[in-house]
Amino acid sequence: MNEQKVLLIGHGMVGQRFLEALTARDTGRRYRITVLGEEPRPAYDRVGLTRYFADRDAAALSLLPDGFLEEHGIELKLGTRAEHIDRQARTVRTDSGETLHYDKLVLATGSYPFVPPIDGNDRDHCFVYRTIEDLDAIIAGGEGARVGAVVGGGLLGLEAAKALHDLGLETHVVEFAPRLMAVQVDDAGGGLLRDKIQDLGVTVHTGTGTRAIVDGQDHRHRMDFGDDRHLETDLIVFSAGIRPQDTLARECGLSLGERGGVMIDDHCLTSDPDIYAIGEVALWDNRVFGLVAPGYQMAEAAAAHLDGDREAAFRGADMSTKLKLMGVDVASIGDAHGATPGARSTVFMDQAAGVYKKAVVSECGKKLLGAVLVGDAADYGTLLQLCLNDMDLPGDAAALVAPAAGEAPALGADALPDTAQICSCNNVSKGDLCAAIDAGCHSVGELKAETRASATCGGCAALVKQVLDTELEKRGVAVNNHVCEHFAHSRQELYHLVRVDGIRTFEELLARHGSGHGCDVCKPTVASILASCWNEHVLDPALAGLQDTNDYFMANMQRDGTYSVVPRVPGGEITPDKLIVIGEVARKYDLYTKITGGQRVDLFGARVDQLPAIWRELIDAGFESGHAYGKAMRTVKSCVGSTWCRYGVQDSVAMSIRLEERYRGLRGPHKIKMAVSGCTRECAEAQSKDVGVIATEKGWNLYVCGNGGMRPRHAELFAADLDDDQLIRAIDRFLMFYIRTADRLQRTAAWRENLEGGLDYLKAVILEDSLGLGEELDAQMAHIVETYQCEWRATLADPEKLKRFRHFVNDEGDDDLVYVREREQRRPAYPHERIPVLEDA
Amino acid sequence: MMNEQWRAVCRLDDIEPETGVGVRLPDHRQAALFRTRDDRLFALDNHDPFSHANVLARGLLGSLQGRRVVASPIYKQHFCLDTGQCLEDEGVRLSVYPVRVSQGQVELLVEPSP
């Protein structure tokens, strides 16, 4: 075996990308890869770091796929720093005293935050902003603080300012240059940006240098600006640029740039042919690239070259960026400052609306060289493509930036050449997308999984969708979303047909709009649609044959064919007496008992013939069906809230009970979970639910489309500070709109991700009633609420329905069930445990 | 002599159209007896060979590419009602029991156990 030892120093975004690129090529396991990571956790999304302030969830930022290291036999040593490189011996010594041999070494050590040499910069409560640990320190430092200052008004500085602002601090930005974001925007754009940020309550001090930091009188620090100007603050965050983390390279004698950075060639090789450098530590053509996209391109080039592809090269990268800073869109493309000889600018500015746009055009007036957008970056995609592909302008340069009488000249995806780079983070061209579409990717999700387009910053998501739509149309592919062979309609269309034609049975729908006998796909789908619309009992004679076994027996089938029973416990609040009843029923029928994640109790092992008796006892004690068996609203989890908790700001239990009792029994395309938290500590985990509610001082914040499970998704803030009635109205409409438009078995998270127009569209429909559907949705929900009945209570009162609850039509019981006792309860025997039992019998 | 193996198991009215019922047979055997909406009757093993649970009577009825099928309620494999053949796995085929209605009684033809 000719195994090569590859040692990677640094497990950040670029390091991880290098691992993915190399392992993708290494099908024969030719490389034995070891990774040293100085931070205590594997690679995470540093670009999305500010999210951490909102959700404090480090795991959500992780970039390391589960099982990735094991699958590729990679050894990752976290919390381990490389201390010395011996190029002669080709070894690296770590701070744990270990010496590691390498054949090829890759430096992806990134950068460190530059802290200006100011007296007092090492005082307590002076921070930098780069790692999760830095953020934790800032959050801790924010306790008891009232004022915060950020030194540096660039991209990262403004992100840090947003974080301080969100922590509730009076926030100041201190920038030495005369404008904010000096690299990306011009004076006028910077001025507008400053106005908008000040409007949000952040004070901006441009043209201001800090001379010293000393003890403050009213606050922890005083920043002296000279000329008797000063600012008192409780904490300071330095975010004044980055410097390549090149100490290791310096000490082992690799060639560095005058101002630091490890010099690399087009293959990302350093002055030592066995050592590569990639990402922010690398200096290419005397430039350090402080964005992730060029770092990714270096990672790809280095991996390819290491793997023997001598052509693979990094040839510089476009530094265009688009971002949202404190809610303000800012974008910079190409030659933003008009530095190209002969370049001419066209500027549009609307101070009232807070919009600034500048297009930099070539001397001939036909090509776009660069642009600056502040306040409205909707044209970013179009302008970037014009610029990168050196395309002729579709019209007058002024039309690019001015809000013309009609629509701005849009650049159809069709007009782009195959070489057009659609996703700069992951270097995906239009040609790459087309190839993936030819290979069978027919949805944005599939394209994203296959090509990674829009997987990093998401800025190109709309363009990716556009390319997909036009290419599918060109190929004559009508995307088939038919429910099954019996209905040439999507779920959404069937829902519409049921509503409009007032259809109440499967037979009628099949006769009018389908064919054949139906199947196990369309029957439950139609049953669910009929329930969402008319809310009739699932066991009514016309409906019973459509129900999946769980709905048919109103219990959850387990692996041995018996069922589990879950009574509703609204909000998870239960009296001791009722808890005792559950315990007594479980003991009487020897049911395996487990607490669920939805704050209720699950009772396992009931035979179909036992279900009615069990429910008779539960209903007599005041319980009702929990609908754990349905594609229906399940539970509204809650924390104890202001009823007991010393931090609670609202009565989350009362609200969760109100919501659970309002939406109980509501059936939809899939199950629906909710939660209510009584304060921002979020103990009910509402942000992982389809509908999450978090109490604020003024009311309730509503979050939607979250998910736990296989593909977790954080819910998004949908509306803030709602009162009780506003909250319920918004949830009513949200749920009915979801039920109306989602696909079969599509949870709200997947529905939202496939929803054209995204969250803004959803807000417009639900909160602003942009489609004029509001009253209709309200009326539909009102019908569901009014017609609610406990399905079990109704069944127990109907001898015809009860007849179904037997295992044998010609005998009692079921003697083929075998159980094993474990931890004092029973569970079904596994096949290997059954054989001796049967033989004994 | 074949007539002697027909055994009455229930009345036709005991089975709701488009659903199934479990039937106890001699020697620990169980059948799943189905009545379709157009009043045809089918009987297969009740035992699901994939989950080893006796549950096929509780599966949903339907048709796939012209074949009448029942779907296992546990892992959703489809079995042809006429032949017992599993559509997802060529090597799996369930026993099929002939069914008839005689004077309102549903009867299954059951071979004696080997």
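**Exercise 1. A sheet in chain A**

Task: Find the strand order, pairing sense and edge strands of the open sheet that three strands form in chain A.

Solution. The order is S4-S5-S6, and the pairing is antiparallel. Strands here are DSSP runs of E with at least two residues, helices are runs of H or I with at least four, and both are numbered from the N terminus. Two strands pair if DSSP finds at least two bridges between them. Next, the edges: strand S4 (82-86) and strand S6 (99-101) of chain A each pair on one side only. Then the twist: neighbouring strands are turned by 25 degrees against each other on average, direction ignored. Axes are lines fitted to C-alpha atoms, for helices over the stretch in contact, and angles run from 0 to 180 degrees between N-to-C directions. Now take one pair. S4(A) and strand S5 (residues 91-94) of chain A run antiparallel and are joined by four bridges. Within S5(A), Arg93(A) is the residue opposite His84(A).

A note on the model. It is predicted: local features need pLDDT of at least 70, side-chain atom pairs count only at pLDDT 80 or more, and totals for chains, interfaces and linings use all residues. Residues are numbered from 1 along each chain as its sequence is written, while chains are lettered from A and ligands numbered from 1 in the order in which they are written.

**Exercise 2. The buried side of a helix**

Task: Which residues of helix H13 (residues 444-451) of chain A are buried, and what covers them?

Solution. Start with the list: Val444(A), Leu447(A), Lys448(A) and Thr451(A) are the buried residues. A residue is buried if 20 or more other C-beta atoms lie within 10 Å of its own, exposed if 12 or fewer, and partly exposed in between, with C-beta atoms placed from the backbone. Look down the axis of H13(A): the buried residues fall within an arc of 100 degrees, so they line one face of the helix. The arc is that of the directions from the helix axis to the C-beta atoms. Their cover includes strand S27 (428-429), helix H12 (430-438) and helix H14 (461-474) of chain A. After H13(A) comes Arg452(A), with a positive phi near 75 degrees.

**Exercise 3. One tryptophan**

Task: Place Trp751(A) in its element, and say whether Trp751(A) is buried, exposed or partly exposed.

Solution. Trp751(A) lies in helix H24 (residues 748-754) of chain A. Trp751(A) has 19 other C-beta atoms within 10 Å, so it is partly exposed. Leave aside neighbours within four places in sequence: Trp751(A) is then in contact with Tyr738(A), Ala742(A) and Gln746(A). Contact means that C-beta atoms, placed from the backbone, lie within 7 Å.

**Exercise 4. Chain B and its partner**

Task: Describe the fold of chain B, then the side of chain B that touches chain A.

Solution. Chain B has zero helices and nine strands. Of its 114 residues, 44% count as buried. Three of the strands form an open antiparallel sheet in the order S1-S9-S8 (chain B). S1(B) pairs with strand S9 (residues 105-109) of chain B over five bridges, and Cys10(B) stands opposite Val106(B).

Now the interface. 27 residues of chain B are in contact with 24 residues of chain A. Strands S1 (6-11), S2 (19-24), S5 (60-64) and S6 (67-71) of chain B each give two or more residues. S2(B) gives the most, with five.

Note on methods
Contact = placed C-beta atoms within 7 Å.
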